[in-house]
Amino acid sequence: MPPSEYRSLSLWHDTAGDDLTPRPPLTGDTDVDVAIIGAGYTGLWTAYHLAVADPGLRIVVIDKEIAGFGASGRNGGWCSALFPTSLKRMAVDRGRDGAVRMQRMLNETVPQVGRIAAAEGIDCHFDQGGSLSVARNAAQLERIRAHVADYAAWGFGEDDHRLLDAAGVHEIAAVDGALGGSWTPHCAAIHPARLVRGLARAVERRGVRIHEQTAATDVHSRHVATRHGTIRAEHVVLATEGYTATVAGRRRSLAPVYSLMTATAPLSDEVWAQIGLHDRATFADNRHLVIYGQRTRDGRIAFGGRGAPYHYASKVAPAYDRDERVHATLRRVLVDLFPVLRDVEFTHSWGGNLGVPRDWYPAVRHDRRTGLAFAGGYVGDGVATSALAGRTLAAMIREDDPDDLGSLPWAGRTSRSWEPEPLRWLGVNAVTALMSAADRSERRSGRPSRAAAAFWSAVGQ
């Protein structure tokens, strides 16, 4: 794929300030200490923390395409402390203290990403303006109140999650029909492709080798086969997230679920005066079928959401990145949130796949006996989470863990596999249909959907 086609992947690739020319592929067999498959956030953060801790380590990162080709370069740009697994579910594994510690580590990771980016000269447009969740019907408001109360019960106060009335919402963003909402400071808006491309350059400065357009054809204990040569390594890290199902023998590990995005042209100062978002707070409403948006540094709104179908047998294909039905819905939802956008131009539409484990529970693990390591399953909440995962994997690989990251609830665990087809296809798409129906019901009645509540309870949320 030529650089011009990589630029067309998303708004973020188009404005990354990088020509996206692929690095040379692997050129033969090689021996290293650590081989990392996947040049996205997880792989590059792992390489970064390993190289910083031990500059003598021989580390190689390979990617089938280019650094940041996948979700790391295409996401909504929320560097947030969101985690797809509830505190209650984490406490089952590691107790109340473990669950709270995990959340506090995620909270701390958000500004840490900004500090490292600044120290490495990565201009990823990091602005920690927090995140706004808006209620536009009574059911959403009830969930937001319960959400804030639940955090309070775990010891997180108004400095972490603050309940807002309608006026409080409008001080941040003039969302049409807002009844109330909540705000958390634990989120920054970023330019995701600038972050991942900058991380690639940062690890290269520390001696890490990156080989692009080098696909792993076979992954086993202490070796990775590619058509360009074999990598022999003491440790092999699988950092493939939404592409994990394409790795031999791992089709049922993570379901690749598509999330699509759209972006406006840069908006005028007059329009922004009516919208708000002056501190670049990220925003969403509290519907079940997730939506997410941000104000970009160049004055656009980048907006995305779920709703695209899961494809049979966990198939991943470029054609699935664009779905005009879903993109039209996203444009309509954004205008519904901010009617002032009714006549604006939309310049970019794109999408990509994210990794969903069977129990919605991300994992970080390393088997010292085989040397195999994995981190992922972020369910779309992977920008800051992957930074903590990379730091944790580096500690596990080096057997040097002064912060006791290996005791966090997600460390060392494995989710059960997804069902075989056609059950997987039926189940994942049924959940999407259920959430869409629940949102329609709640808009009409204002009453919480019992079916959606039962589903989230069943998966431990």
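Start with Asp33, which touches Gly56, Leu57, Arg58, Ala233, Glu234 and His235, leaving aside residues up to four places away in sequence. Asp33 sits in strand β1 and is partly exposed, at 21% relative accessibility. Keep in mind that this is a predicted model. UniProt, in an unreviewed entry, puts the feature "domain: FAD dependent oxidoreductase" at residues 33–396, so Asp33 is where that annotated stretch begins.

**Around Asp33 and the annotated stretch**

- Asp33 and Val60 are 27 residues apart along the chain, and their C-alpha atoms are separated by 8.4 Å.
- Over residues 33–396, the chain comes out at 34% helix and 26% strand.
- The end C-alpha atoms of that same 33–396 stretch are 14 Å apart.

**The nonpolar cores**

- The largest nonpolar core has 63 residues, and Leu195 and Trp410 have the most contacts inside it.
- Several elements each supply at least two residues of this core: β1 (30–37), α3 (41–53), β2 (59–62), α5 (87–119), α8 (192–205), β18 (372–376) and α11 (383–398).
- The top contributor is α5, which gives 12 residues.
- Leu195 touches Tyr41, Val113, Ile122, Cys124, Ile190 and Val383, again not counting residues up to four places away in sequence.
- There's also a second, separate core of 44 residues, and its members include Leu11, Trp183, Ala281 and Ala308.

**Helix α5, the bent one**

- With 33 residues, α5 would reach 48 Å as a straight helix at 1.5 Å a residue, but its end C-alpha atoms are only 32 Å apart.
- Where does α5 bend? The bend is at Arg94, and it amounts to about 125°.
- Just after α5, Gly121 takes a positive phi of about 70°.

**Helix α6, the one that fits its expected span**

- Helix α6 (residues 138–153) has 16 residues, which should span 22 Å at 1.5 Å a residue; the end C-alpha atoms are 23 Å apart, so the two values agree.
- Which residues of α6 are buried? They are Ala139, Gln140, Leu141, Ile144, Val148 and Tyr151.
- Helix geometry helps in reading a list like that: there are 3.6 residues a turn, so residues three or four places apart point the same way.
- The buried residues of α6 pack against α5, β4 (131–135), β5 (162–165), β6 (180–184), β13 (282–285) and α12 (423–445).

**Ser182 in strand β6**

- Ser182 is found in β6 and is buried, with a relative accessible area of 9%.
- Ser182 touches Ile144 and Val148, both of them among the buried residues of α6.
- Other contacts of Ser182 are Ser131, Leu132, Ser133, Arg162, Leu163 and Leu164, with residues up to four places away in sequence not counted.

**Cysteines**

- How many disulfides does the structure hold? The count is zero.
- Cys124 can't pair up here because the closest cysteine sulfur, in Cys79, is 7.9 Å from its own, too far for a bond.
- Cys187 is in no disulfide either: its nearest cysteine sulfur is that of Cys79, 7.2 Å away.
- Both cysteines are tucked away, in that Cys124 is buried at a relative accessible area of 2% and Cys187 counts as buried at 0% relative accessibility.
- Cys124 is also one of the residues that Leu195 touches.

Definitions and conventions:
Residues numbered from 1 in each chain as written. Predicted model: local features only at pLDDT ≥ 70, side-chain atom pairs only at ≥ 80, totals over all residues. Heavy atoms only, no water. Core = buried A, V, L, I, M, F, W, Y, C linked by side-chain atoms within 4.5 Å. Buried < 20%, exposed > 50% of the residue type's maximum accessible area, 1.4 Å probe, protein only. Helix = DSSP H or I, 4+ residues; strand = E, 2+ residues; numbered from the N terminus. Contact = heavy atoms within 4.5 Å. Disulfide = S-S within 2.5 Å. Expected span 1.5 Å × (residues − 1). Bend = angle between axes of the 7 residues up to and from the residue.
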